[in-house]
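Work through these exercises on side-chain contacts. Try each task before you read its solution.

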Amino acid sequence: MTLGGNLVYQQNSNKEFIEKVHESIGNKNHEYYKKEINSLHGPAGVAGLYDVFSTGLMWYFAPSAAPTTNFLVALADYLQVHIARTKLFGDPNVDSESGQIAKQRRVGAMAWTQVLAGAGGIGSFVTEAIFGENDDNGLSTSKKSFLSLSSLVAAFTMLTTYSEKMLVATTSKGKKVGNEIKGIVLDANNDIRASLEYVAMAIYPWVTSIKSIKKAIDLAVPILAIRDGLGNFISDGISTVFTNKPNIQFPEKLGNFLKYALFIFTNGKNGKRPFSHVSLPKPLAQSWFLGEGNFRDRYLVPIFRTLGCKTIPKVNMEGENGSRALVVKYPIGELPSEYEIDNPKILKFEDRLVAAL
């Protein structure tokens, strides 16, 4: 595949076969995302619990708007582990209107958790502005150091889950039914935003006495959380989540105003965000990360296996500069038997293309 997840066809290749394999890989990747990455004891589940613990400590020792938002967002992140797996909102795999509504409700629930978490932080900011701020209770250097270290570890956990979710989304375009990839990308974007916030929170205990910096962080963190959720509402409509109805169209004029005010970028017709443009972020599309036997293979895959992931896709990047491509490989037997064709003429291009059986 290209770095944008689009299939690369060789001359005289069996296009129909390649597309079927691509579809199968997309389906397997989605199962990997839902049942393994988002397992309660999987990478997202463990990272989510740790982040709740870390942000809870910061909220307890340095209560303010930014720590409040971070704690609420951490709870929202952990809730998304359940949202990604649940059929509470219907079965998203049903190829009908009810399946489409189920997907909308699932993605909408993720967006709502972000908006509500940010709203809680804004509420804390306004409360402090009216009634005065809490001080840091004279935190010792050792406590500040501990809080900073715990935030940096939380930032790393979010980076690891972000990278894997974006890899899944980019290589899963074979799954054509519905908007499932939107949920994965929204989830991944939440992780990268949270990671950046945790880096900011690592310095937070040291700058609480500098009011201008403290207030800037206190205001920026909840606004960023709200921004991500509103971006989904503007693009895809507002989900009522708990009613089995399609999304409600977001008011166009208000949406246009918010896009400019909050720097929400959308693509496609009428500002909709088609997910055909999902591609691997440049920092991840590097040989040090995805090269054969490099960072992901050497460090992340073993950790994910320890956390119960059994169907981790083997994804590497081959080629140089403009000819770089993603190569996804599954062992024989891991793709449905209907796609396993014992024809060497069909399989001879596996090392240069796409998906090898």
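**Exercise 1.** Is Lys34 buried or exposed?

*Solution.* This is a predicted model, where local features need pLDDT of at least 70, side-chain atom pairs count only at pLDDT 80 or more, and totals for chains, interfaces and linings use all residues. Residues are numbered from 1 along each chain as its sequence is written, and side-chain values use heavy atoms, with hydrogens and water left out.

Step 1: take the cut-offs. Buried means under 20% relative accessible area, exposed means over 50%, and partly exposed lies in between (1.4 Å probe, protein chains only).
Step 2: apply them. Lys34 has 7% relative accessibility, so Lys34 counts as buried.

**Exercise 2.** Which residue forms a salt bridge with Lys34? Place the pair in the fold.

*Solution.* Step 1: state the rule. A salt bridge is a side-chain nitrogen of Lys or Arg within 4 Å of a carboxyl oxygen of Asp or Glu. By this rule the count comes to ten salt bridges.
Step 2: find the partner. Lys34 pairs with Glu31, and their closest N and O atoms are 3.5 Å apart.
Step 3: locate both. Helices (H or I, at least four residues) and strands (E, at least two) are DSSP runs, numbered from the N terminus. Lys34 and Glu31 both lie in helix α1, three residues apart, about one turn of the helix.
Step 4: check the partner's exposure. Glu31 has a relative accessible area of 30%, so Glu31 is partly exposed.

**Exercise 3.** Describe the salt bridge between Lys20 and Glu16.

*Solution.* Step 1: distance. The closest N and O atoms of Lys20 and Glu16 are 3.4 Å apart.
Step 2: location. Both residues belong to helix α1 (residues 15-37), four residues apart, about one turn of the helix.
Step 3: exposure. Lys20 is partly exposed at 37% relative accessibility. Glu16 is exposed at 52%.

**Exercise 4.** Which parts does the pair Arg296 and Glu164 tie together?

*Solution.* Step 1: confirm the contact. The side chains of Arg296 and Glu164 meet in a salt bridge at 2.8 Å, N to O.
Step 2: locate the ends. Arg296 sits in helix α10 (residues 295-306) and Glu164 in helix α5 (residues 141-170), so the pair ties together parts that are 132 residues apart in sequence.
Step 3: exposure. Arg296 is buried, with a relative accessible area of 1%. Glu164 is buried too, at 2%.
Step 4: look for shared partners. Elsewhere, Arg193, Glu197, Arg227 and Asp228 are joined into one network by salt bridges that share partners.

**Exercise 5.** How many aromatic pairs are there? Classify two of them.

*Solution.* Step 1: state the rule. Rings of Phe, Tyr and Trp (its six-membered ring) pair if their centres lie within 6.5 Å; planes under 30 degrees apart count as stacked, over 60 as edge-to-face and the rest as tilted.
Step 2: count. The rule gives nine aromatic pairs.
Step 3: take Phe89 and Phe242. Their ring centres are 6.2 Å apart and their planes meet at 65°, so the pair is edge-to-face. The pair links distant parts of the chain: Phe89 is in the loop between α3 (65-83) and α4 (97-131), and Phe242 in the loop between α7 (211-236) and α8 (252-261), 153 residues apart. Phe89 is buried at 7%, whereas Phe242 is exposed at 69%.
Step 4: take Trp112 and Phe233. Their centres are 4.9 Å apart with planes at 55°, so the pair is tilted. Trp112 in helix α4 and Phe233 in helix α7 are 121 residues apart.
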